[in-house]
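Thanks for passing this one along. Here are some notes to read beside the model, set out point by point.

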Amino acid sequence: MKKSVTIKDVARETGVHVATVSRALSPNARALLSAEVVAKIRKTADAMGYRPNRVAAGLRTRRTMTVGIMIPDITNTLFPPIVRGMEGALEPAGYASILVNTDNDPDREARLFDVLLQRGVDGIIDAAVTHMDPHLVRISKDVPVVTANRMVEGSGIPSVINDDAGGIRMILQRLYDAGHRDICHIAGPDDLSTGIQRREAFETEAKGLGLKLPGTATIVAERYNEDEGSRCALSALENSPCVTALLCANDRLAIGAIDAVASLGLKCPEDISVTGFNDIPFLDLIPPGLTTVQILQFDVGRIAAEILLKRMTEPDARVPETTIMPVSIIDRNSIAPPKPGRGRKMRASGRSRKMKQG
């Protein structure tokens with residue numbers, strides 16, 4: 001069996017001390033050497049087929065150089081850019097990622113936490129966290145944890161989130177400026193910080209604009225997906241026939257809402273305007289083109305990873321508890337001025353359906 005190449009072999013070949021080779025091959029220590037020395041040693045190590053022994057290094061340093069990344073839904077196109085941002089910061093620092101998918105299931109999430117801890121991860125980035133998560137709070141006392149896109153309010157766990165309130169204010173203003181006064185908010189789940197903060201922002205801003213908010217002005221989705229968007233939109237249009245716009249808490253809800261509008265024989269935006277939040281990939285390919293709040297997906301992941309690296313390598317270093325990332329509006333074609341008389345037609349349509357059912 002071919003003998004593995006060691007650091008001593010690389011040192012002998014390059015004519016430098018073993019400690020110098022070790023520093024050159026360590027992402028965290030190579031800054032102590034000149035770029036020329038690092039390049040020479042790395043080139044020689046690659047040519048010799050040197051591969052670091054992570055198990056042995058872990059025994060010496062009590063680190064595995066792995067990070068657990070938790071996401072709520074692997075099929076949601078929101079998360080690949082966020083995860084890519086995380087890896088973009090972790091890989092140069094020598095860390096490998098273990099990606100797990102919770103399916104928004106608390107029991108599955110708890111099991112996956114145990115799996116990551118059993119693997120000895122050096123830290124966890126949690127993008128699947130619920131608004132109140134005592135399990136994560138307990139884990140954060142033993143392992144560095146950072147949350148991304150969501151947060152556990154009052155927990156002390158560092159989080160990188162988006163300006164949810166600012167985004168809702170801007171998108172609601174777009175609808176208001178287009179002439180809409182009867183607006184329904186399809187809110188995110190009430191156990192997630194994004195759902196709570198965006199709903200509170202809608203209600204506050206709507207009152208500030210002088211909009212009347214009946215009890216049906218907000219409908220809470222159970223999950224962030226298209227089926228819930230469709231269900232909530234149908235409920236909104238049936239129970240509040242004067243509604244001319246649906247402000248959705250995320251893009252998947254908005255896609256479902258547009259489908260529901262079409263199922264009623266209506267058009268977006270001619271009959272009903274619809275907006276989203278996040279600007280997930282490929283929205284420009286879905287007719288009519290969704291106007292939405294754009295978040296910096298890659299940067300959310302990158303900064304969350306940078307904060308975690310800081311916590312793992314400098315345990316006593318101070319990091320911000322909450323980092324709020326800026327958002328912007330992406331204007332497409334899903335907003336139009338309210339159609340005159342649309343409310344009267346919907347009321348008549350609703351009475352007609354009830355008569356047929358009776």
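1. A word on classes before the pocket: Ala, Val, Leu, Ile, Met, Phe, Trp, Tyr, Cys and Pro count as nonpolar, Asp, Glu, Lys and Arg as charged, and the others, Gly among them, as polar. By that scheme, the lining of the second largest pocket holds 10 charged, 9 polar and 8 nonpolar residues.

2. Please keep in mind that this is a predicted model, in which local features need pLDDT of at least 70 and side-chain atom pairs count only at pLDDT 80 or more, while totals for chains, interfaces and linings use all residues. Residues are numbered from 1 along each chain as its sequence is written, and side-chain values use heavy atoms, with hydrogens and water left out.

3. Now the overall layout. The C-alpha trace spans about 90 × 40 × 35 Å along its principal axes. The protein has 13 helices and 12 strands (DSSP runs numbered from the N terminus: H or I of at least four residues for helices, E of at least two for strands). Of its 358 residues, 49% count as buried (buried is under 20% relative accessible area, exposed over 50%, partly exposed in between, with a 1.4 Å probe and protein chains only).

4. The domain bounds, which come from an automatic or database domain assignment, give domain 1 (7–52), domain 2 (64–157 + 298–326) and domain 3 (164–291 + 331–357). The centres of domain 1 and domain 2, taken over C-alpha atoms, are 31 Å apart.

5. Where does the second largest pocket lie? It sits between domain 2 and domain 3, because both give residues to its lining. A pocket here is an open set of points on a 1 Å grid over the protein atoms alone, where a 1.4 Å probe fits, with protein on both sides within 12 Å along at least five of seven lines; lining residues have an atom within 4 Å of a point. Its volume is about 410 Å³, meaning the space filled by probe spheres set on the points, with grid points joined across faces, edges and corners. The lining has 27 residues, and Pro72, Asn104, Arg150, Leu192 and Tyr224 lie nearest the centre. Helix 6 (106–118) and helix 9 (193–208) each supply at least two lining residues.

6. On cysteines: the structure holds 0 disulfides (pairs of cysteine sulfur atoms within 2.5 Å). For Cys232, the nearest cysteine sulfur is that of Cys184, 8.2 Å away. Cys232 is buried, at 0% relative accessibility. For Cys268, the nearest is that of Cys248, at 9.4 Å.

7. Cys268 deserves a second look, since a cis peptide bond with omega about 10° joins it to Pro269. Pro269 is in the loop between helix 11 (251–263) and strand 9 (273–278). The bond from Pro287 to Pro288 is also cis, with omega near 5°, and Pro288 is in the loop between strand 9 and strand 10 (291–295).

8. Two backbone angles are worth checking. Asp103, not a glycine, has a positive phi of about 60°; Asp103 is in the loop between strand 2 (96–101) and helix 6 and is partly exposed at 38%. Asn278, also not a glycine, has a positive phi of about 120°, but Asn278 is in strand 9 and is buried at 3%.
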